[in-house]
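Colleague: Please take a close look at the salt bridges in this model and describe them for me in turn. I should like to know where each partner sits and whether each is buried or exposed.

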Amino acid sequence: MLDTINLAGFRYKRFSRSGLKELVEGLQLLPCIRSLSLRNNGIGDDCDKEILDIFSITKIKCIDLSNNNF
């Protein structure tokens, strides 16, 4: 079972808002997900809705958003 997703370091590979939205939809389907790393992806204030959606998934206990453009 997948309990951790590490998608760190995609700053220069254009981590898009639509990709983040699809990630949120996929996270909701994973029963054992506990940790998510999205550090250093160039995510900015334009993705605020998607980030809030991630925080609303209560089964995720650790979210790393460091080194982004908030």
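Modeller: Buried residues have under 20% relative accessible area and exposed ones over 50%, with partly exposed in between. By that scale Lys49 is partly exposed, because its relative accessible area is 48%. The model is predicted, and it holds three salt bridges.

Lys49 belongs to one of them: its partner is Asp53, and the closest N and O atoms are 3.2 Å apart. Both residues lie in helix α2 and are four residues apart, so about one helical turn separates them. Asp53 is likewise partly exposed, with a relative accessibility of 26%.

Helix α2 also takes part in a salt bridge between the side chains of Glu50 and Arg17, with an N to O distance of 3.1 Å. This pair links distant parts of the chain, since Arg17 is in helix α1 (residues 17-27) and Glu50 in helix α2 (residues 48-55), 33 residues apart. Glu50 is buried, at a relative accessible area of 6%, whereas Arg17 is partly exposed at 40%.

The remaining salt bridge joins Arg39 to Asp64, whose closest N and O atoms are 3.9 Å apart; this pair counts because the cut-off is within 4 Å. Arg39 lies in the loop between β2 (35-37) and α2, and Asp64 in strand β3 (residues 62-64), so the contact ties together parts that are 25 residues apart in sequence. Arg39 is partly exposed, with 33% relative accessibility, and Asp64 is partly exposed at 26%.

Note on methods. Residues numbered from 1 in each chain as written. Predicted model: local features only at pLDDT ≥ 70, side-chain atom pairs only at ≥ 80, totals over all residues. Heavy atoms only, no water. Helix = DSSP H or I, 4+ residues; strand = E, 2+ residues; numbered from the N terminus. Buried < 20%, exposed > 50% of the residue type's maximum accessible area, 1.4 Å probe, protein only.
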